[in-house]
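Visitor: I should like to take a close look at a single part of this protein. Please treat the matter in one connected account.

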Amino acid sequence: MPHLARAERPRAPAPRETRPSADDLHRWATHDARPFTESLTLADAGHGVPAWSDKLHEARTAAEFQAVTSAVLGDGHGALGELHEFLEAAADWCERNQEPRIAERYRRHAQELSELGDQLAYVGEDHLAGTYRRPNRPGAVRAAPAVAPAAPAAPVRRSSR
């Protein structure tokens with residue numbers, strides 16, 4: 001056998017992990033849950049989001065764009081808020097079924113999603129502030145809104161819940 005440089009030597013196979021592959025785990029869970037899932041009458045969870053993405057492409061002004069993004073990402077009842085609630089419900093289920101470490105992971109991700117929602121709300125506000133400060137903004141009404149501006153207040157932190 002010819003001498004191989006250290007980088008060229010074939011590696012010994014890694015010891016097989018005791019955990020099955022992710023594909024196997026999902027396949028087994030799908031099989032075991034089939035009687036339950038066949039009785040569900042719900043559409044796929046993400047089914048509505050592509051329609052909202054299409055609406056973004058149809059938006060002509062920053063106000064229309066913001067209306068769509070607020071519907072999806074907005075306070076409480078948008079897709080982001082509902083996903084937060086879903087993650088909290090998953091954590092609750094795990095706690096009831098004596099899986100506290102998994103529950104904690106779901107709660108941590110729910111909190112991260114809430115923080116993301118806050119950051120996205122700030123992006124939307126910055127987008128609108130830039131739009132309404134700009135003279136001659138395309139496609140937007142040039143007159144000031146009929147509503148009197150509110151007195152400046154301390155910034156309010158929004159929750160995505």
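At what angle do helix α3 and helix α5 pack, and how far apart are their axes?

Guide: The model is a predicted one. Helix α3 (residues 62–73) packs against helix α5 (residues 100–133) at an angle of about 170°, and the two axes lie 11 Å apart. Since angles over 145 degrees count as roughly antiparallel, α3 and α5 are therefore roughly antiparallel to each other. On the α3 side, the contact is formed by Ala-62, Ala-63, Phe-65, Gln-66 and Leu-73. Their partners in α5 are Leu-120, Gly-124, His-127, Leu-128, Thr-131 and Tyr-132. By class, the residues of this contact comprise 7 nonpolar and 4 polar, with no charged residue.

Helix α5 also takes part in a contact with helix α4. The axes of α4 (residues 79–96) and α5 come within 8 Å and cross at roughly 165°. That angle makes α4, too, roughly antiparallel to α5. The crossing of α4 past α5 is left-handed. From α4, the contributing residues are Leu-80, Leu-83, His-84, Leu-87, Glu-88, Ala-90, Ala-91, Asp-92, Cys-94 and Glu-95. From α5, they include Pro-100, Ile-102, Ala-103, Tyr-106, Arg-107, His-109 and Ala-110, and further Gln-111, Leu-113, Ser-114, Gly-117 and Leu-120. The contact of α4 with α5 divides into 13 nonpolar, 5 polar and 4 charged residues. Leu-120 of α5 is thus listed in the contact with α3 and in that with α4.

One charged residue of α4 merits separate attention. Glu-88 is placed in helix α4. Its relative accessibility is 18%, and because buried means under 20%, Glu-88 counts as buried. Apart from neighbours within four places in sequence, Glu-88 is in contact with Arg-107 and Ala-110. Both Arg-107 and Ala-110 appear on the α5 side of the contact with α4.

These helices belong to a protein whose secondary structure amounts to 5 helices and 0 strands, in the order α-α-α-α-α along the sequence. Of its 161 residues, 17% count as buried. Where contacts link residues at least 6 apart in sequence, 53% of them join residues at least 24 apart. The protein exposes about 13,400 Å², of which carbon and sulfur atoms supply 58%.

Notes:
Residues are numbered from 1 along each chain as its sequence is written. This is a predicted model: local features need pLDDT of at least 70, side-chain atom pairs count only at pLDDT 80 or more; totals for chains, interfaces and linings use all residues. Side-chain values use heavy atoms; hydrogens and water are left out. Helices (H or I, at least four residues) and strands (E, at least two) are DSSP runs, numbered from the N terminus. Buried means under 20% relative accessible area, exposed over 50%, partly exposed in between (1.4 Å probe, protein chains only). Contact means heavy atoms within 4.5 Å. Accessible areas come from the Shrake-Rupley method with a 1.4 Å probe; for residues, only the protein chains shown count as cover. Axes are lines fitted to C-alpha atoms, for helices over the stretch in contact, and angles run from 0 to 180 degrees between N-to-C directions. Angles under 35 degrees count as roughly parallel, over 145 as roughly antiparallel, 65 to 115 as roughly perpendicular and the rest as oblique. Ala, Val, Leu, Ile, Met, Phe, Trp, Tyr, Cys and Pro count as nonpolar, Asp, Glu, Lys and Arg as charged, and the others, Gly among them, as polar. A crossing is left-handed if the near helix is turned anticlockwise from the far one by less than a right angle, and right-handed if clockwise.
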